[in-house]
Amino acid sequence: MSTSAACFENPPTLSSTYGKGTVLEFGGLKTYVTGSTESKLAVLLVSDVFGYENPNLRKLADKVAAAGFFVVVPDFFYGDPVNLDNPQFDRESWFKAHSKEKGYEDAKPVLAALKSQGVSAIGAAGFCWGGVVVAKLAKSDDIKAAVILHPGRLADEDIHEVKVHTAILGAEIDKTSPPEQLKQFGEILSVKSEFDSFVKIFPGVAHGWTMRYNAEDESAVKSAEEAHLDMLNWFTKYVKWENI
């Protein structure tokens, strides 16, 4: 499957020590965890191709944790995120080694570990590569709500099988997941009365804007934070209030 060059633009400077949380093994994966382990409500964040050490991702995890959720951000790439500084890096080989299908399978033990520690309701959000993984998770009852942000390539059939409250947040400038396609996904979801859905296209931003924004760019930060708030509100409504 081909992948848009936009998935690799504006790579973050990774940091293994960033954030208020800690890194430990969780569900068989090295995982950044943040928030109270006593919480009965959890959120799984699935990264883009640059992995779980992106400071912007961990900052968002801490923000979600501050709202009362136990948050897990696993390393689905086993210490091998996309590294464009490596002259030996080969996109095709990397995607073969780190397929979204494998990400989906690896997420299942993480969800099981959350439930085994007493969590009663889980939300999942995914970015780019992670958005496709979360779309797959949304086909089961393992999670209560999903937020898919500027996803990698999805097809109509992926959306037809969704069965939980799902929000899709997309960029106006995105060849990977064009606004027209995301609106079509919204039409597919809106037919289903058993759960709520929501599609929002953010003007003037490009694929990856919620994770790979320039912290010095006030407009970029504002757009990213608006999406983060939409995500948090979705989980507050469909993971928190529906399961208290």
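Begin with the whole chain in view: of the contacts with a separation of 6 or more, 71% are between residues 24 or more positions apart, where contact means heavy atoms within 4.5 Å. What you have open is a predicted model, in which local features need pLDDT of at least 70 and side-chain atom pairs count only at pLDDT 80 or more, while totals for chains, interfaces and linings use all residues. Residues are numbered from 1 along each chain as its sequence is written, and side-chain values use heavy atoms, with hydrogens and water left out.

Colour the chain by secondary structure next, and 7 helices and 8 strands appear; these are DSSP runs numbered from the N terminus, with helices being H or I runs of at least four residues and strands E runs of at least two. The radius of gyration, taken over C-alpha atoms, is 16 Å, close to the 18 Å that the globule rule gives for 244 residues, so the chain is as compact as a globular protein of that length. That rule is 2.2 Å times the number of residues to the power 0.38. Along its principal axes, the C-alpha trace spans about 50 × 40 × 35 Å. Buried residues make up 55% of the 244 residues, buried meaning under 20% relative accessible area, exposed over 50%, and partly exposed in between, with a 1.4 Å probe and protein chains only.

**Helix 3**

Select residues 100–116, which form helix 3: at 1.5 Å a residue its 17 residues should span 24 Å, and its end C-alpha atoms, 25 Å apart, agree with this. The expected span is 1.5 Å times one less than the number of residues. Within this helix, Lys100, Gly103, Asp106, Ala107, Val110, Leu111, Ala113 and Leu114 are buried. Seen down the axis of helix 3, the buried residues fall within an arc of 155°, so they line one face of the helix; the arc is that of the directions from the helix axis to the C-beta atoms. Just after helix 3, stop at Gly118, which takes a positive phi of about 100°.

**Salt bridges**

The whole structure holds 8 salt bridges, each a side-chain nitrogen of Lys or Arg within 4 Å of a carboxyl oxygen of Asp or Glu. Select Asp48 and Arg212, which form one of them, with the closest N and O atoms 2.7 Å apart. Asp48 lies in the loop between strand 3 (41–46) and helix 1 (55–66), and Arg212 in the loop between strand 8 (197–206) and helix 7 (218–240), so the pair ties together parts that are 164 residues apart in sequence. Are these two residues buried or exposed? Both Asp48 and Arg212 are buried.

Move on to Lys200 and Glu226, whose salt bridge has its closest N and O atoms 2.7 Å apart. Because Lys200 lies in strand 8 and Glu226 in helix 7, this pair ties together parts that are 26 residues apart in sequence. Add Asp230 to the selection, since salt bridges that share partners join Lys200, Glu226 and Asp230 into one network. Glu226 is partly exposed, with a relative accessible area of 36%.

**Thr166**

Finish at Thr166, in strand 7 (residues 165–173), which is buried with a relative accessible area of 1%. A polar atom of the Thr166 side chain lies 2.8 Å from the backbone oxygen of Val164. Not counting residues up to four places away in sequence, Thr166 touches Ala138, Ala146, Ile148, Leu189, Asp196, Ser197, Phe198 and Trp234.

Terms used:
Polar contact = N/O pair within 3.5 Å; in protein donor to acceptor, adjacent residues only side chain to side chain.
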